[in-house]
Amino acid sequence: MAATDPLTTTRRRSTDTQFRAHMETNFFGPLNVTRAVLPVMRAQRSGQVATITSTAAIVGQEFCAAYAASKFALEGWMESLRFDVAPFGISTTVVDPGFFRTELLVEGASSIRPELSIDDYAERTEKTIAAWKGMNGKQGGDPAKLGRALVQVMALPEPPQRWIAGADAVTAVEQKAHELLAQADAHRELSSALDHDDA
């Protein structure tokens, strides 16, 4: 491998510039495209907006903070946008794919290539990079099947607000749902006792 291969870069963390690049691409990019077409959809009183986010929009992962933050933002925006556009006959669907056999692991590693050297992260970063390299080209999901299934989903009389795409994504989201319920229940009594006394 060439010395400039981003997968060989270790002991580093993302810079402010890298975080902003993720937000520009993964959040503001889809936001701007959607905002450009919404006037047409409102005028015709119909339309469908589908946005590809990621399982990382629901479940955070090590070494993916910048990527996950941008996807969480996109997911939150789309989830809220649906209330604004529904009165105009416009539906929104968030697609949360798991791992599909694309070049994302290599390209993703390149796009979040850490630039700040921090020795404390060296060993974990090296292991994460090695794991990504080992997974690349072996992801379970088939992109062609995903494309065909997405057409099917969007053709439904009522497309879903959220479509979890891939067996690994379903497992991850189910686990996160159980964790959220457990977290909500863990301190229920304390959490429920925070109203003003006159409420």
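I started with V95 and looked up its bridge partner in β5, which is W163. A reminder to myself: this is a predicted model.

Next I looked at the strands around that bridge. Strand β3 covers residues 90-97 and runs parallel to β5, with four bridges joining them. I then went along β5, residues 162-165, to see where the side chains go. They alternate: W163 and A165 point to one face and are buried. R162 and I164 point to the other face and are not buried.

R162 led me to E75, since R162 is on the list of residues in contact with E75 once neighbours within four places in sequence are left aside. The others on that list are T53, A57, I58, V94 and D96. I found E75 in helix α2, residues 65-85. Is E75 buried or exposed? Its relative accessibility is 5%, and buried means under 20%, so E75 counts as buried. I also checked what the side chain of E75 does: it makes a polar contact with the side chain of T53, at 2.8 Å.

One place along, I checked L74, also in helix α2. Its relative accessibility is 0%, so L74 counts as buried. Not counting residues up to four places away in sequence, L74 touches N26, F27, P30, T51, I52 and T53. I picked I52 for a distance check: I52 and L74 are 22 residues apart in sequence, and their C-alpha atoms are 9.1 Å apart in space.

Then I turned to the helix pair. Two packed helices are described by the angle between their axes and the distance between the axes, so I looked up both. Helix α1 is residues 16-44, and its axis comes within 7 Å of the α2 axis, crossing at roughly 20 degrees. Angles under 35 degrees count as roughly parallel, so α1 and α2 are roughly parallel to each other. The crossing of α1 past α2 is right-handed. On the α1 side, the contact is made by F19, H22, M23, N26, F27, P30, L31, T34 and L38. On the α2 side I noted several residues, including A65, A69, L74, W77 and V85.

Last, I looked up A69, another residue in helix α2. How exposed is A69? Its relative accessible area is 34%, so A69 is partly exposed. I also checked A69 against N26: the two are 43 residues apart along the chain, and their C-alpha atoms are separated by 9.4 Å.

Note on methods: Residues numbered from 1 in each chain as written. Predicted model: local features only at pLDDT ≥ 70, side-chain atom pairs only at ≥ 80, totals over all residues. Heavy atoms only, no water. Helix = DSSP H or I, 4+ residues; strand = E, 2+ residues; numbered from the N terminus. Buried < 20%, exposed > 50% of the residue type's maximum accessible area, 1.4 Å probe, protein only. Polar contact = N/O pair within 3.5 Å; in protein donor to acceptor, adjacent residues only side chain to side chain. Contact = heavy atoms within 4.5 Å. Pairing = 2+ DSSP bridges. Axes fitted to C-alpha atoms, helices over the stretch in contact; angles between N-to-C directions. Parallel < 35°, antiparallel > 145°, perpendicular 65-115°, else oblique. Left-handed = near helix turned anticlockwise from the far one by under 90°.
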